[in-house]
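Here are a few exercises to try on a predicted model. Have a go at each one before you read the solution.

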Amino acid sequence: KYVRTSAAVLGLAMATKQYAWIQVPIYLAHVFFKESGTIRQKTAGLVKKLWPCALTFSLIIIPFLVWDAKSFIEDIYLYPTGALVTSYPISGYGLSIFLYQLDVIARLVDYFPFGILQLIIGIPFLFFLITRQRKEQTISAMVGNYGIFLLVFLFFSRVLHDNYIAYISMLFIAAYAFNASGNDNQQTASL
């Protein structure tokens, strides 16, 4: 009933916080599985319902790309991934710190292909979570799966700070609250 509204909010989140992108495949799967009909009909329904996400995202991002696309990409995407000489240093509690402590990574500012690890481990794990979500089409399952996937993604990234752990904890609490309220199926219908 409110999929377009939730799509607009997701577009806003994606434009303002990179880790909201981690929720996109889980959100898409949730909406897709709620659709009825053939795969083609479900896909068409998905596109019709999710245009506010693309519109909201574009309205926020395009002015920055027009202004200075190179700087935008460097600041938003390359800096946190370690792809620049002046990148954000490795820190936090994830695999990156273990690799640094084991001298696999010499300096905290050195580049390491964490993105490859995230793909190798994250994609099969994402398929597992989506399969799990297909069996349990609830908001609590969607939010919980997002929390689990975000934790795995961040563990294999350059940084896993305590504020990320706090955010993930809040996701798990929200998933539990939806489930414990007994209104999860009603809430799913209004998503």
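**Exercise 1.** Work out how the reach of helix α6 compares with the expected span, and how many of its residues are buried.

*Solution.* Start with the ends: α6 covers residues 139–155, which makes 17 residues. From first C-alpha to last, α6 reaches 24 Å, close to the 24 Å expected at 1.5 Å a residue. Next, look at burial: 13 of the 17 residues are buried, so α6 is mostly covered, taking buried as under 20% relative accessible area.

**Exercise 2.** Find the residues that touch the most other members of the largest nonpolar core, then follow Y27 outwards.

*Solution.* The core has 37 residues, and M14, Y27, L150 and L154 touch the most other members. Elements that each supply at least two residues include α1, α2, α3, α5 and α6, along with β2 and α7. Now take Y27: leaving out residues up to four places away in sequence, Y27 touches V3, S6, A7, L10, L50 and M142. Y27 is also one of the buried residues of α2, a helix with 8 of its 11 residues buried.

**Exercise 3.** Decide how α1 and α3 are oriented: roughly parallel or roughly antiparallel?

*Solution.* First, the axes come within 7 Å and cross at roughly 30°. Angles under 35 degrees count as roughly parallel, so α1 and α3 are roughly parallel to each other. As for handedness, α1 passes α3 in a right-handed crossing. Finally, the contact: among the residues making it are V3, A7, L10 and M14 of α1, and L50, W51, F57 and I61 of α3.

Key
Residues numbered from 1 in each chain as written. Predicted model: local features only at pLDDT ≥ 70, side-chain atom pairs only at ≥ 80, totals over all residues. Heavy atoms only, no water. Helix = DSSP H or I, 4+ residues; strand = E, 2+ residues; numbered from the N terminus. Expected span 1.5 Å × (residues − 1). Buried < 20%, exposed > 50% of the residue type's maximum accessible area, 1.4 Å probe, protein only. Core = buried A, V, L, I, M, F, W, Y, C linked by side-chain atoms within 4.5 Å. Contact = heavy atoms within 4.5 Å. Axes fitted to C-alpha atoms, helices over the stretch in contact; angles between N-to-C directions. Parallel < 35°, antiparallel > 145°, perpendicular 65-115°, else oblique. Left-handed = near helix turned anticlockwise from the far one by under 90°.
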